[in-house]
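Notebook open, coffee poured. I want to look up contacts, core, rings and pocket, in that order.

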Amino acid sequence: TTSFLEFHPTLQERVYFSLFHVVVDSSEVGCRKPEADIYALTTERMGVPAEDIVYLDDFLANIDGARLAGWQTIHVTDPLEALDELDALIASAA
């Protein structure tokens with residue numbers, strides 16, 4: 001997530017970080033989307049090949065950064081369409 005240190009307590013109250021295996025917070029690691037370092041660090045922490053990561057975002061610059069990092073991407077302009085795209089990616093990988 002792209003955040004700042006002062007907002008971290010609010011973020012922890014509103015997001016169930018325990019649902020995720022890996023959380024990379026820009027305020028803690030010193031880089032942010034769409035900088036290449038944030039995608040490299042996230043890839044490393046996830047421990048999977050970049051091409052196995054699917055990234056969803058509504059901000060095109062972040063999508064471009066993730067794509068340059070080798071991630072699969074879904075540009076979210078409509079949530080239901082994005083879920084359909086995700087379902088298709090998952091089905092094609094099975």
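**Contacts of Y55**

I started with Y55 and skipped its neighbours within four places in sequence; that leaves contacts with K33, N62, I63, A66, W71, Q72, T73 and I74. Note to self: this is a predicted model.

**Core**

Which residues make up the largest nonpolar core? I get ten residues in all: V24, C31, I38, Y39, A50, I53, Y55, I63, A66 and W71. Helices α3 and α4 (60–68) each supply at least two residues of this core. I63, A66 and W71, which are core members, also turn up among the contacts of Y55. As a reminder, nonpolar side chains tend to be buried together in soluble globular proteins.

**Rings**

Next I looked up aromatic pairs, and the count comes to four. One of them is F4 with F7, a tilted pair with 5.7 Å centre to centre and 35° between the planes. The angle calls for "tilted" because stacked needs planes under 30 degrees apart and edge-to-face needs over 60.

Are these two rings buried or exposed? Neither word fits: F4 has a relative accessible area of 49%, so I log F4 as partly exposed. F7 comes out at 31%, so F7 is partly exposed as well. The cut-offs behind this are under 20% for buried and over 50% for exposed.

Ring pairs also link Y39, Y55 and W71 into a cluster. Y39, Y55 and W71 are on my list for the largest nonpolar core too.

**T43**

I then moved to T43, which sits in helix α3. Its relative accessibility is 16%, so T43 goes down as buried. Leaving aside neighbours within four places in sequence, I find T43 in contact with V48, A50, I53 and W71. Of these contacts, A50, I53 and W71 belong to the largest nonpolar core. I also checked T43 against A91: the two are 48 residues apart in sequence, and their C-alphas are 22 Å apart in space.

**Pocket**

Last stop, the largest pocket, which holds about 600 Å³ of space. I count 20 residues in its lining, and T1, F20, V22, V23 and V24 lie nearest the centre. V24 was already in my notes as part of the largest nonpolar core.

Which element gives the largest share of the lining? That is α3, with four residues. Helix α3 (36–46) and strand β1 (54–57) each supply at least two lining residues. By character, I sort the lining into 15 nonpolar residues, four polar and one charged.

How values were computed. Residues are numbered from 1 along each chain as its sequence is written. This is a predicted model: local features need pLDDT of at least 70, side-chain atom pairs count only at pLDDT 80 or more; totals for chains, interfaces and linings use all residues. Side-chain values use heavy atoms; hydrogens and water are left out. On a 1 Å grid over the protein atoms alone, a cavity is a set of points where a 1.4 Å probe fits but cannot get out, and a pocket is an open set with protein on both sides within 12 Å along at least five of seven lines; lining residues have an atom within 4 Å of a point. Grid points are joined across faces, edges and corners, and a volume is the space filled by probe spheres set on the points. Ala, Val, Leu, Ile, Met, Phe, Trp, Tyr, Cys and Pro count as nonpolar, Asp, Glu, Lys and Arg as charged, and the others, Gly among them, as polar. A nonpolar core is a set of buried Ala, Val, Leu, Ile, Met, Phe, Trp, Tyr and Cys residues joined through side-chain atoms within 4.5 Å. Buried means under 20% relative accessible area, exposed over 50%, partly exposed in between (1.4 Å probe, protein chains only). Contact means heavy atoms within 4.5 Å. Rings of Phe, Tyr and Trp (its six-membered ring) pair if their centres lie within 6.5 Å; planes under 30 degrees apart count as stacked, over 60 as edge-to-face and the rest as tilted.
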